[in-house]
Amino acid sequence: MALKDSVDGILEAAVSRGDVPGVVAAATTAEGTVYEGGFGERAVGSGTAMTPDTVGWIASMTKAVTGAAAMQLVEQGKLELDGPASAVIPWLGEVGVLEGFDDDGQPKTRPPKRPITLRHLLTHTSGYVYEIWNTDILAYQEAKGIPQITSCENAALTTPLLFDPGERWDYGIGIDWAGKMVEAVSGQRLGQYMKENIFDPLGMGDTAFKVSPAMQERLATVHVRGEDGAWMAMEFMVEQDPEFEMGGGGLYSTVGDYLKFIRMILNRGAANGHRVLKPETVDAMSVNSIGDNRVVNLATAMPPYSNDAEFFPGMEKTWGLTFMINNEEAPTGRSAGSLAWAGLANSYFWIDPNKGIGGAYITQVLPFADEKSLPLFLDFETAVYRSL
């Protein structure tokens with residue numbers, strides 16, 4: 001009861017203050033759920049309560065699932081972590097590195113020094129960078145008429161690299177390309193592959209790229225603050241008839257479903273009576289895979305979509321195969337070596353294999369790294385550790 005009372009109080013107070021219009025959060029051990037709660041409204045002013053089964057856009061929390069799908073195919077020998085990704089997707093052998101722009105504003109590129117690999121794509125060391133945190137990619141998109149990634153148009157994936165593969169960490173569309181690799185070798189759309197090989201075995205019936213009628217009934221709306229600071233619902237939904245299913249950020253889910261994925265990782269690949277990944281695969285996904293490179297602050301290029309974003313500033317962070325890893329214990333109580341990431345509309349998760357605990361949290365607000373929502377997630381996480 002102490003855990004429930006503590007977390008309920010924190011979340012309810014935040015909604016009452018107007019910090020977020022609504023929030024759902026849940027925590028789990030390797031054995032099962034230890035907390036879940038929902039407060040506020042799915043759409044501000046609607047009177048429809050934010051409940052634990054509320055569906056939200058989990059955005060880049062999708063990446064870990066795409067990574068798991070890719071690693072299943074690595075286990076089967078259908079994908080290679082360190083071979084040229086162009087063997088599967090020829091375009092990945094043609095993409096150039098952006099060197100700058102000429103006097104007419106047209107981009108100049110050169111061939112990369114080494115091939116892109118699946119490991120580069122899963123670890124954000126490929127050279128691909130999101131436009132939200134990079135003005136050069138924004139300029140390239142403008143010069144070439146390339147749509148933004150959330151359009152889910154294939155053309156959105158045709159941006160250049162910003163640096164040679166393997167040379168540094170920077171956050172980008174690499175995992176969308178990893179999703180394309182899953183499709184290429186499985187012969188299935190990404191969502192169908194995930195359903196058969198991850199969602200159905202784990203019992204994740206409320207997770208999909210295409211929102212089902214049953215999910216739509218429980219869907220929360222994305223919100224932004226008006227000039228007066230009041231929350232306003234906005235018209236946003238990931239394309240429901242996309243050219244490509246966005247392995248880097250297209251899934252909708254619930255906190256309860258995402259806990260099933262977290263439990264699978266906590267149990268080294270098995271949950272709900274099914275083995276999804278081999279134990280040694282989960283171990284490989286959970287350790288530094290970027291060498292001497294480090295995760296850095298993401299400086300916004302598009303303030304309506306993201307603030308500057310960094311977890312635990314000043315703390316050294318590395319990257320595994322689709323997870324961020326904190327190299328020292330976090331102020332929340334999160335162990336060194338824990339796994340985590342987030343979604344653009346201020347959804348967050350963490351997985352602590354050392355202490356056997358993890359959690360997921362969904363608000364539906366922009367911009368990312370919101371000044372109220374991100375601290376609330378960390379308060380939630382801290383309360384879980386203190387109570388347990």
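## Close-up views of a predicted model

**View 1. Arg225 and Asp370 form a salt bridge.** The closest N and O atoms of Arg225 and Asp370 are 2.5 Å apart. This structure is a predicted model. Arg225 belongs to strand β6 (residues 223-225), while Asp370 sits in the loop between β15 and α10, so the salt bridge ties together parts that are 145 residues apart in sequence. Arg225 is partly exposed, because its relative accessible area is 27%. Asp370 has a relative accessible area of 2% and is therefore buried, the limit for buried being under 20%.

**View 2. Asp82 and Arg119 are joined by a salt bridge.** The N to O distance between the two side chains is 2.7 Å. Distant parts of the chain are linked by this pair: Asp82 is in the loop between α2 and β4 (97-101), and Arg119 is in helix α3 (residues 118-123), 37 residues apart. Arg119 is partly exposed, with 24% relative accessible area.

**View 3. Lys4 and Asp8 form a salt bridge within helix α1.** Here the closest N and O atoms are 3.0 Å apart. Both residues lie in helix α1 (residues 2-17), with their positions 4 residues apart in number, about one turn of the helix. Is each partner buried or exposed, or partly exposed? Asp8 is buried, at a relative accessible area of 14%, whereas Lys4 is partly exposed, at 39%.

**View 4. Four residues are linked in a network of salt bridges.** The members of this network are Glu99, Arg110, Lys113 and Asp164. Side chains of opposite charge can pair when their charged atoms come close. The count for the model comes to 16 salt bridges.

**View 5. Seven strands make up an open sheet.** The 7 strands follow the order β2-β1-β15-β14-β13-β12-β11, and their pairing is antiparallel. Strands β2 (33-40) and β11 (317-319) stand at the edges; each has a single partner strand, so one side of each is left without a neighbour in the sheet. Neighbouring strands are turned by 20° against each other on average, direction ignored. Strands of a sheet pair through backbone hydrogen bonds. One antiparallel pair is β12 (residues 324-326) with β13 (residues 339-343), over 2 bridges. Which residue of β13 is the bridge partner of Ile325? The partner is Leu339.

**View 6. Helix α10 packs on the sheet.** Helix α10 (residues 373-387) touches β1 (22-29), β2, β14 (347-352) and β15 (357-362), and the direction of α10 makes about 30° with that of β14. Ser373 is found in this helix. The relative accessibility of Ser373 is 0%, so Ser373 counts as buried. Leaving aside residues up to four places away in sequence, Ser373 touches Val20, Asn346, Tyr348, Tyr361, Thr363 and Val365.

**View 7. Helices α2 and α6 cross at roughly 75°.** The axes of α2 (residues 62-75) and α6 (residues 190-202) come within 10 Å. The crossing angle makes α2 roughly perpendicular to α6. On the α2 side, the contact is made by Val65, Thr66, Ala68, Ala69, Gln72 and Leu73. On the α6 side are Leu190, Tyr193, Met194, Asn197, Ile198 and Phe199. What classes of residue does the contact have? There are 9 nonpolar and 3 polar residues, and no charged residues.

Definitions and conventions
Residues are numbered from 1 along each chain as its sequence is written. This is a predicted model: local features need pLDDT of at least 70, side-chain atom pairs count only at pLDDT 80 or more; totals for chains, interfaces and linings use all residues. Side-chain values use heavy atoms; hydrogens and water are left out. Two strands pair if DSSP finds at least two bridges between them. Axes are lines fitted to C-alpha atoms, for helices over the stretch in contact, and angles run from 0 to 180 degrees between N-to-C directions. Contact means heavy atoms within 4.5 Å. Buried means under 20% relative accessible area, exposed over 50%, partly exposed in between (1.4 Å probe, protein chains only). Angles under 35 degrees count as roughly parallel, over 145 as roughly antiparallel, 65 to 115 as roughly perpendicular and the rest as oblique. Ala, Val, Leu, Ile, Met, Phe, Trp, Tyr, Cys and Pro count as nonpolar, Asp, Glu, Lys and Arg as charged, and the others, Gly among them, as polar.
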